[in-house]
Amino acid sequence: MLPQSSQERGRPRIGRYVITGRLGKGGMGMVFRGVDESLEREVAIKTITSQATASEESLKRFEIEAKAAARMQHPNIVAIYELSEDRGVKFIAMEYLKGTDLEALLRSGEDILLVEKLELIVQVCRGLAYAHERGIVHRDIKPAN
């Protein structure tokens, strides 16, 4: 959910990021598409669902997730740019990856060659292996992620 007073000149913002759309909703919050105007790059911004109703444990998990992911530098792991709070809303700004997520691709019914399926699996395994070598366990592996 966007901060209540997030409209500046008619453009919704979270922190320094201009919100350009909504990417999805997860168990802990919403993910928005945005632009970092100062660096001229697109970002994904994950927010935690209403902090008024979020437990202390979920807020801590959100922070731990961001810090753990920020330590990872691997081509198969999304880059974290910022962990912050804006007008009472905690958020994580991260690399925006263009394209279709695996869940949407699978639902589309489009034929995927075996070699393409295997390459996707290899990429996921490389990212997970890198994280596991550093003591990080994902806990939510699914095509939408």
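The confidence of the predictor in each residue is expressed as pLDDT, on a scale from 0 to 100. The structure described here is a predicted model, and the mean pLDDT of its protein chain is 88, with 90% of the residues reaching 70 or more. Over residues 4-8, however, the pLDDT falls below 50, and in the model this stretch has eight contacts beyond near neighbours in sequence. Where pLDDT is low, the predicted coordinates should not be read in detail.

The protein chain contains three helices and seven strands. Read from the N terminus, these elements follow the order β-β-β-β-β-α-β-β-α-α. The C-alpha trace spans about 50 × 35 × 30 Å along its principal axes. The chain has 145 residues, of which 32% count as buried. Among contacts between residues at least 6 apart in sequence, 46% join residues that are at least 24 apart. The chain exposes about 9700 Å², and carbon and sulfur atoms supply 53% of this area.

The interior was examined next. The largest nonpolar core consists of eleven residues, namely Met28, Ala44, Ile48, Leu59, Phe62, Ala66, Ala69, Ile80, Ile92, Met94 and Tyr96. Helix H1 (56-70) and strand S7 (89-95) each supply at least two residues of this core, and H1 gives the most to it, with four residues. One member of the core, Ile48, is in contact with Met28, Gly29, Ser58, Leu59, Phe62 and Lys90, when neighbours within four places in sequence are left aside. Apart from this core lies another, of nine residues, among them Met30, Phe32, Val43 and Ile45.

Nonpolar side chains also occur on the surface. Leu102, Leu106 and Leu120 form a nonpolar patch there, with about 230 Å² of accessible area together. Leu106 is placed in helix H2, which covers residues 102-108. With a relative accessible area of 49%, Leu106 is classed as partly exposed, because exposed residues must lie over 50%.

Charged side chains were considered last. Side chains of opposite charge can pair when their charged atoms come close. A search of the whole structure finds 14 salt bridges. In one of them, the side chains of Arg16 and Glu82 meet at 3.6 Å, N to O. This pair links distant parts of the chain, 66 residues apart: Arg16 is in the loop between strand S2 (11-14) and strand S3 (17-25), whereas Glu82 is in strand S6 (residues 80-86). The relative accessible area of Arg16 is 40%, so this residue is partly exposed.

Another salt bridge joins the side chains of Asp86 and Arg87, at 2.6 Å, N to O. Asp86 has a relative accessibility of 11% and therefore counts as buried, the limit for that class being under 20%. Its partner Arg87, at 36% relative accessibility, counts as partly exposed.

The side chains of Arg134 and Glu133 likewise meet in a salt bridge, at 3.3 Å, N to O. Arg134 counts as partly exposed, at 41% relative accessibility, while Glu133 counts as exposed, at 63%. Elsewhere, Arg11, Arg13 and Glu37 are joined into one network by salt bridges that share partners.

Note on methods:
Residues are numbered from 1 along each chain as its sequence is written. This is a predicted model: local features need pLDDT of at least 70, side-chain atom pairs count only at pLDDT 80 or more; totals for chains, interfaces and linings use all residues. Side-chain values use heavy atoms; hydrogens and water are left out. Contact means heavy atoms within 4.5 Å. A nonpolar core is a set of buried Ala, Val, Leu, Ile, Met, Phe, Trp, Tyr and Cys residues joined through side-chain atoms within 4.5 Å. Buried means under 20% relative accessible area, exposed over 50%, partly exposed in between (1.4 Å probe, protein chains only). Patches are made of residues with over 30% relative accessible area and no salt bridge: like charges are joined within 9 Å, nonpolar side chains (Val, Leu, Ile, Met, Phe, Trp, Tyr) within 5 Å. Accessible areas come from the Shrake-Rupley method with a 1.4 Å probe; for residues, only the protein chains shown count as cover. A salt bridge is a side-chain nitrogen of Lys or Arg within 4 Å of a carboxyl oxygen of Asp or Glu.
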